[in-house]
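Here is my note on the model, point by point. Please read it with the coordinates open.

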Amino acid sequence: MTGAGCPNYNECALVRGKLALEGDVYRYYIDSYCCGEEEEWLGCMRFKAKEKLNFCPDFVLPDSVMTIDQIIDRFDMDNN
Ligand code: SF4
């Protein structure tokens with residue numbers, strides 16, 4: 001499969017620059033995940049969270065090692 005890019009590209013908060021990342025970190029994620037081959041964006045934790053939860057909190061990054069349950073717990077803590 002050629003790198004058509006992540007289906008969430010146009011709406012993802014990371015891509016839209018809302019996560020306040022350093023420029024080189026931003027570029028790394030875009031190149032390594034968002035614009036990568038299917039197996040790359042399929043491996044993105046933000047993609048997985050969106051699939052499972054239908055949204056992805058801003059604290060989740062493509063290479064975050066959190067489980068979905070940990071993401072929910074952190075989101076609940078941050079919003080209580
Ligand atoms: S950060 Fe993840 S979910 Fe967002 S566009 Fe990139 S690969 Fe897709």
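1. Start with Ala-20. With a relative accessible area of 76%, Ala-20 is exposed. Ala-20 belongs to the segment before H1. Its phi is near 55°, a positive value in a residue other than glycine. Keep in mind that this is a predicted model.

2. Asn-54 deserves the next look. Phi of Asn-54 is near 70°, again a positive value in a residue that is not glycine. Asn-54 follows H3 and lies in the loop between H3 and H4. Its relative accessible area is 59%, so Asn-54 counts as exposed.

3. How many salt bridges does the structure hold? There are three. As background, side chains of opposite charge can pair when their charged atoms come close. The next three points take the pairs in turn.

4. Glu-11 and Lys-50 form a salt bridge through their side chains, at 3.3 Å from N to O. Glu-11 sits in the segment before helix H1 (23–34), and Lys-50 sits in helix H3 (residues 45–53), so this pair ties together parts that are 39 residues apart in sequence. Glu-11 is partly exposed, at 48% relative accessibility. Lys-50 is partly exposed too, at 22%. The cut-off for buried is under 20%, so Lys-50 at 22% does not fall into that class.

5. Asp-31 and Arg-27 also meet in a salt bridge, with an N to O distance of 3.4 Å. Both belong to helix H1; they are four residues apart there, which means a separation of about one helical turn. Asp-31 is partly exposed, with 45% relative accessibility. Arg-27 has 44% and is likewise partly exposed.

6. Arg-74 and Asp-78 make another salt bridge, at 3.1 Å from N to O. The setting is helix H4 (residues 68–78), where the two are four residues apart and so separated by about one helical turn. Arg-74 is partly exposed at 33% relative accessibility. Asp-78 is partly exposed at 45%.

7. Now the ligand. In which pocket does the ligand sit? The ligand occupies the largest pocket. Its shell consists of Cys-6, Asn-8, Tyr-9, Cys-12, Val-15, Tyr-33, Cys-34, Trp-41, Cys-44, Arg-46, Phe-47 and Pro-62. H1 and H3 each contribute at least two residues to this shell.

8. What is the make-up of the shell around the ligand, by nonpolar, polar and charged residues? The residues divide into 10 nonpolar, one polar and one charged. Asn-8 is in the shell and, as Asn, falls in the polar class. Arg-46 is in the shell as well, and Arg belongs to the charged class.

9. Asn-8 is worth following up. Asn-8 lies in the segment before H1. Is Asn-8 buried or exposed? At 13% relative accessibility, Asn-8 is buried. Setting aside residues up to four places away in sequence, Asn-8 touches Phe-47 and Lys-50. Phe-47 is another member of the ligand shell. Lys-50 is the salt-bridge partner of Glu-11.

10. H3 recurs in these points. Which residues are buried in H3? They are Met-45, Arg-46, Phe-47 and Ala-49. Among these, Arg-46 and Phe-47 also belong to the ligand shell. The cover over the buried residues of H3 includes helix H2 (38–42) and H4.

11. Pro-62 is the last residue on my list. Its place is in the loop between H3 and H4. Pro-62 is buried, at 3% relative accessibility. Apart from neighbours within four places in sequence, Pro-62 is in contact with Leu-14, Tyr-29, Tyr-33, Gly-43, Cys-44, Met-45 and Arg-46. Of these contacts, Tyr-33, Cys-44 and Arg-46 are in the ligand shell, as is Pro-62 itself. Met-45 and Arg-46 are among the buried residues of H3.

12. One distance for the record. Pro-62 and Glu-37 are 25 residues apart along the chain, and their C-alpha atoms are separated by 14 Å.

Methods:
Residues are numbered from 1 along each chain as its sequence is written. This is a predicted model: local features need pLDDT of at least 70, side-chain atom pairs count only at pLDDT 80 or more; totals for chains, interfaces and linings use all residues. Side-chain values use heavy atoms; hydrogens and water are left out. A salt bridge is a side-chain nitrogen of Lys or Arg within 4 Å of a carboxyl oxygen of Asp or Glu. Buried means under 20% relative accessible area, exposed over 50%, partly exposed in between (1.4 Å probe, protein chains only). A residue is near a molecule or strand if one of its heavy atoms lies within 4 Å of it. On a 1 Å grid over the protein atoms alone, a cavity is a set of points where a 1.4 Å probe fits but cannot get out, and a pocket is an open set with protein on both sides within 12 Å along at least five of seven lines; lining residues have an atom within 4 Å of a point. A molecule sits in a cavity or pocket if more than half of its atoms lie within 2 Å of its grid points. Contact means heavy atoms within 4.5 Å.
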